[in-house]
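This report describes how helices pack against one another in one protein model and how its charged side chains pair.

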Amino acid sequence: MQTNYDLIIIGLGAMGSAALYQAAKRGISVLGIDQFTPPHTFGSSHGDTRVTRLSIGEGEAYIPLVNRSNDIWRELEAESGHSLYHVCGGYVIYPQVGGEGYHGNVNFGADTAVIAKKHGIPHEIRTADQVQDHLPNILMSSDELGYWEPGAGALRVEKCIQTQIELAQKKGAHTLFNTLAETADEAGGAVKVKTGNGTFTANKVILTAGAWVPDWLGNPQKSLLSVTRQVMYWFEADSLDEWLIDKFPVLLWQGKKIEDFFGAFPTPFDGIQGVKVLTEQFIETTHPNEVQREVTPEEIEHFYDTLLKKKFAGVKRHCLKTAVCLYTDTPNGQFLIDWHPENQRILLASPCSGHGFKHSAAVGEALVETAVDGKSKIDLSSFQFENFLKPAS
């Protein structure tokens, strides 16, 4: 196996697999390294589905990323023959007054509508009664509103990752799976990456290691990132007919307190005959090597009793399946994409905070452009370290 490359990518999850594909598409000599065999269940990009939406309540800086990503998903589908991106519509349900910050924004639901109007994104603001006329299995309170976006949908996360890696390999990318990247150091105008399966050098390195990114940083940068444990559940329903993708949309629910946040998805996918819900609670911090990956019966009961049965009708107590995933969060819920503070040949990317996958295809393209060309077509300046480390005014 060759040991010298133009580009090495460490971590082949959502962002890394996208960068690998984009590099190979350009004919760049690239090596992708992952400590597991992607797609896998140890990071942030598994569990079959993630939400994609056109209006981004986290801020307008994300609009170019999601638009470009949606173009790339369709390109990947055409090239691979795989179905990756399902448009089924989507709701953001939010309190009219009050509410805990969601992805760093207290006014997440209302701002989503404002951004949609500004950018000409088709949408409606619906009352609780109107939402429940559309979806009788939703239990909203009268002081909540529903932002409805018909162009929202679901992405098949494992298939997106697998497709990009396979296409990259066909275009000449090299990959090392089940291989831990241990260090990445300056080496005579290049970067030397030491692994358990040898040492490799590259002109530039893209570090997309997900929940392991903090391990590559010293303070104060490391302190900007925290890893939170999230749980996905698949519950049995009285009837799956109401939850099928042609009838049920993707859904984000912003509560009045952080314990109330969750997402829901249409079903079934890949034979899992249950209603999928995903916590978005940013409470339980952990490390990816130490996280509790078992979901206890008590945890399932608590989620059902305190949240699910109050929000959905027709969902049974019986939980068919669970899975744990990890969010890597910044203090304000925004992305972090910048050169490593100690090595300007290592481009570090933690574009996550629980809302990264929908943008990942375009982020991968922008990372390769930045590493190889010096600048990306999409402006990434709002995601740099300096935006988090500015002294208080």
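The model is predicted. In it, Arg 126 has a relative accessibility of 14%, so this residue counts as buried, the limit being under 20%. Its salt-bridge partner is Glu 124, with 2.9 Å between the closest N and O atoms. Glu 124, at a relative accessible area of 40%, is partly exposed.

**Salt bridges**

Side chains of opposite charge can pair when their charged atoms come close. The structure contains 21 salt bridges, and the table lists pairs from among them.

| Acidic residue | Basic residue | Closest N and O atoms |
|---|---|---|
| Glu 124 | Arg 126 | 2.9 Å |
| Glu 284 | Arg 229 | 3.3 Å |
| Glu 369 | Lys 377 | 2.9 Å |

The salt bridge between Glu 284 and Arg 229 has its closest N and O atoms 3.3 Å apart. Glu 284 is located in the loop between strand 16 (275-279) and strand 17 (285-286), while Arg 229 belongs to strand 13 (residues 226-237), so this pair ties together parts that are 55 residues apart in sequence. Glu 284 is partly exposed, at 39% relative accessibility, and Arg 229 is buried, with a relative accessible area of 7%.

Glu 369 forms a salt bridge with Lys 377. Here Glu 369 is the buried partner, with a relative accessible area of 6%, whereas Lys 377 is exposed, at 74%.

Charged residues are also joined in a network of salt bridges, whose members are Lys 25, Arg 68, Glu 75 and Glu 365.

**Helix packing**

Two packed helices are described by the angle between their axes and the distance between the axes.

Helix 1 (residues 14-25) packs against helix 5 (residues 157-170) at an angle of about 30°, and the two axes are 8 Å apart. Because angles under 35 degrees count as roughly parallel, helix 1 is roughly parallel to helix 5. Their crossing is left-handed. Helix 1 contributes Ala 14, Ser 17, Ala 18, Leu 20, Tyr 21 and Ala 24 to the contact, and helix 5 contributes Ile 161, Gln 164, Ile 165, Leu 167 and Ala 168. By class, these residues of helix 1 and helix 5 comprise nine nonpolar, two polar and no charged.

Helix 1 also meets helix 7 (residues 360-373): the axes come within 7 Å and cross at roughly 55°. Helix 1 is therefore oblique to helix 7, and the crossing of this pair is right-handed. On the side of helix 1 the contact is formed by Ala 14, Met 15, Ala 18, Ala 19, Gln 22 and Ala 23; on the side of helix 7 it is formed by Ser 360, Ala 361, Val 363, Gly 364, Glu 365 and Val 368. Eight nonpolar, three polar and one charged residues make up the contact of helix 1 with helix 7. Glu 365 of this contact is also a member of the salt-bridge network.

Helix 5 has a contact with helix 2 (residues 63-80) as well, where the axes come within 11 Å and cross at roughly 60°. The crossing of helix 2 and helix 5 is left-handed. Trp 73, Leu 76, Glu 79 and Ser 80 of helix 2 meet Cys 160, Thr 163, Gln 164 and Leu 167 of helix 5. The residues of this contact between helix 2 and helix 5 divide into four nonpolar, three polar and one charged. Gln 164 and Leu 167 take part in the contact of helix 5 with helix 1 and in the contact of helix 5 with helix 2.

Definitions and conventions: Residues numbered from 1 in each chain as written. Predicted model: local features only at pLDDT ≥ 70, side-chain atom pairs only at ≥ 80, totals over all residues. Heavy atoms only, no water. Axes fitted to C-alpha atoms, helices over the stretch in contact; angles between N-to-C directions. Helix = DSSP H or I, 4+ residues; strand = E, 2+ residues; numbered from the N terminus. Parallel < 35°, antiparallel > 145°, perpendicular 65-115°, else oblique. Left-handed = near helix turned anticlockwise from the far one by under 90°. Contact = heavy atoms within 4.5 Å. Nonpolar A, V, L, I, M, F, W, Y, C, P; charged D, E, K, R; others polar. Salt bridge = Lys/Arg side-chain N within 4 Å of Asp/Glu carboxyl O. Buried < 20%, exposed > 50% of the residue type's maximum accessible area, 1.4 Å probe, protein only.
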